Amino acid sequence: MKSIAEQHIQIYNSLSGTKEEFIPLHDNMVGMYVCGPTVYNNVHLGNCRTFISFDIIFRYLKHMGYKVRYVRNITDAGHLENGSDEREDRIAKKARIEEIEPMEVVQKYTVDFHKTLSKFNTLPPSIEPTATGHIVEQIELVKQILDAGFAYEIDGSVYFDVLKFNQSSTYGKLSGRKLEDMIHNTRETSGQGEKRNPQDFALWKKAEAEHIMRWASPWGDGFPGWHLECTAMSTKYLGKQFDIHGGGVDLKFPHHECEIAQGEAINNCSPANYWVHANMLTLNGKKMAKSTGNNILPDEIFSGENEIMERPFSPNVTRFFMLQAHYRSVLDFSNDAMLASEKGFSRLMQGVSLLNSIDTAKKTTGFNLSEWRQKCYNAMNDDFNTPVLIAKLFDAVKFVQNVNDGRESITKEDLNKLQVTLHNFVYDVLGLTKKEEQGVNLYLEDALNLLIELRNEARKCKDFATSDKIRDELSKAGIILQDGQQETTFTLK
Ligand SMILES: [Zn+2]
């Protein structure tokens with residue numbers, strides 16, 4: 001087993017399209033910026049997957065001994081509908097529909113976001129700045145971009161000049177798009193408004209009389225463009241250049257492309273060294289969308305109040321389900337997949353708790369602990385490959401069961417090491433918790449243990465009619481009892 005300092009992490013960088021060795025800018029410090037939610041709606045499950053993916057990266061880097069400053073913003077202004085510079089602000093629109101203040105919308109859905117993510121046991125970021133809290137910094141950035149000659153002002157709005165930028169750099173290098181193709185594919189003047197070119201994007205927008213969310217600026221009352229806030233906040237808290245910039249794959253273009261352009265325009269360097277994108281979650285093979293009804297909220301999964309799932313699933317099982325896929329793969333959410341994850345999760349946790357009760361011996365047989373441990377690290381070092389890690393954890397669970405059944409043995413020292421490693425990966429790195437299954441299933445586990453105890457008493461008294469009845473009836477209910485040498489355990493069919 002290599003020491004933590006000798007572990008080399010490879011990260012897939014969307015900018016180069018390859019896996020690269022992770023070398024932080026400053027020794028053991030890591031700066032990570034992740035685009036947070038626009039708080040105008042309940043956070044949906046696809047968004048949760050993105051934030052769980054970055055929670056894993058945050059947890060693993062911390063586990064590896066890095067001091068991580070994780071910045072994840074809250075977009076509470078400036079995010080216009082359909083990413084168009086001509087449409088209504090999402091939060092302002094919601095406020096108009098619900099007849100409340102925009103900041104009430106922001107408060108309501110920020111609370112929902114935090115509550116939901118804490119159910120999934122994601123760690124809070126180090127800093128969670130808001131767009132409206134950084135208007136001064138954004139105005140300053142607009143001035144700098146204007147001074148650098150990469151923006152122009154028209155009637156109180158300021159736009160980034162993409163064509164000008166493309167003369168000295170490459171607009172589209174992150175998403176692999178070519179500016180000529182974009183220009184060619186854009187219908188003349190449609191949605192262009194006052195911009196010189198349709199590809200230009202707003203840094204600052206003039207606020208019309210009815211626009212509530214407005215701030216004074218050198219160009220008159222207005223509000224910042226969506227892409228600008230992330231450049232302002234990442235620069236303020238992580239510097240002009242930092243290590244990791246993340247977000248959902250749908251943000252690659254135009255949002256992250258625009259962030260790169262803004263950063264390069266004022267600093268002559270790309271803001272982040274590693275661009276990391278988490279892939280999307282589909283539901284029953286189709287893209288999740290509110291409009292088609294092919295959509296599910298996390299609370300609807302936990303409560304069981306939905307028409308898609310057979311029964312409720314806990315946040316732990318849902319998190320485990322997500323971790324069974326690599327963060328860069330599309331993942332499909334379905335009732336069957338959740339049932340399978342529930343079984344897997346329960347098997348993993350049983351293996352972990354079985355460690356507390358197995359006996360030790362003079363020799364360890366059938367398991368190479370240090371080799372296994374290194375394989376767990378190798379999985380995570382390979383672009384945070386949680387499904388491979390989980391497969392390795394199941395190798396250990398199988399071994400623990402074999403020890404419990406008397407087929408293999410383990411020394412006290414190895415048992416301690418195994419326990420520490422399993423706890424590190426299951427609780428610290430994967431962020432799964434013991435406080436499963438939030439009520440019902442905990443009681444169920446107590447009730448099952450009581451039945452196992454009664455059955456053991458019946459067997460001692462040679463009352464096999466009762467002991468067989470308990471075993472058979474449980475089996476019919478989908479619960480299989482397994483008699484080990486030291487303990488009887490149960491698994492779900
Ligand atoms: Zn962003």
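**Group meeting: a walk through the sheet, the core and the domains**

Okay, let's start in the sheet, where strand 3 and strand 9 run parallel and are paired through three bridges. One of the facing pairs there puts M32 across from I244 of strand 9. Before I go on, keep in mind that this is a predicted model.

So what does the whole sheet look like? There are four strands in an open sheet, ordered 4-3-9-10, with parallel pairing. Strand 4, residues 67-72, and strand 10, residues 272-278, sit at the edges with a single partner strand each, so each has one side with no neighbour in the sheet. On average, and ignoring direction, neighbouring strands are turned by 20 degrees against each other.

On its other side, strand 9, which covers residues 242-248, is joined to strand 10 by six bridges, again parallel. If you want to find that pairing on screen, look for F242 opposite A272, and then G247 opposite H277. To get from one of these strands to the other you go over a helix: strand 9, helix 8 (residues 252-267) and strand 10 form a right-handed β-α-β unit.

Is strand 9 buried or exposed? Seven of its seven residues are buried, so strand 9 is largely enclosed by the rest of the structure. Part of the neighbourhood is helix 7, residues 226-238, which lies across strand 3 (29-34), strand 4 and strand 9. Against strand 4, helix 7 runs at about 155 degrees.

Now let's zoom out to the domains. The chain is split into domain 1 (4-278), domain 2 (282-429) and domain 3 (440-492). Between domain 1 and domain 2, the C-alpha centres are 33 Å apart. How many residues are in contact there? We get 25 residues of domain 1 touching 23 residues of domain 2. On the domain 1 side, the elements giving two or more residues are strand 1 (10-13), helix 1 and helix 3 (102-119). Helix 1 gives the most to that side, with 11 residues.

Next, the inside. In soluble globular proteins, nonpolar side chains tend to be buried together. Here the largest nonpolar core has 114 residues, and the ones touching the most other members are V142, I145, A151, F160, L203 and L393. Helix 1, residues 45-63, turns up again as the top contributor to this core, with nine residues. And where does the core sit? Both domain 1 and domain 2 give residues to it, so the core lies between them.

Take V142 as an example. Skipping neighbours within four places in sequence, V142 is in contact with A151, V158, L203 and W204.

Last stop is helix 10, residues 315-323. Nine of its nine residues are buried, so helix 10 is largely enclosed by the rest of the structure. If you're clicking along, the buried residues include R319 and N316 as well as F320, F321 and L323. What do they pack against? The list is helix 1, helix 3, helix 9 (298-303), strand 13 (331-333), helix 11 (335-354) and helix 13 (386-404). Helix 1 and helix 3, remember, also give residues to the side of domain 1 that touches domain 2.

That's the tour.

Note on methods. Residues are numbered from 1 along each chain as its sequence is written. This is a predicted model: local features need pLDDT of at least 70, side-chain atom pairs count only at pLDDT 80 or more; totals for chains, interfaces and linings use all residues. Two strands pair if DSSP finds at least two bridges between them. Axes are lines fitted to C-alpha atoms, for helices over the stretch in contact, and angles run from 0 to 180 degrees between N-to-C directions. Two residues are in contact if their C-beta atoms, placed from the backbone, lie within 7 Å. A nonpolar core is a set of buried Ala, Val, Leu, Ile, Met, Phe, Trp, Tyr and Cys residues joined through C-beta atoms within 7 Å. A residue is buried if 20 or more other C-beta atoms lie within 10 Å of its own, exposed if 12 or fewer, and partly exposed in between; C-beta atoms are placed from the backbone. Domain bounds come from an automatic or database domain assignment. A crossover is right-handed if, with the strands pointing away from the viewer, the path from the first strand over the helix to the second runs clockwise.
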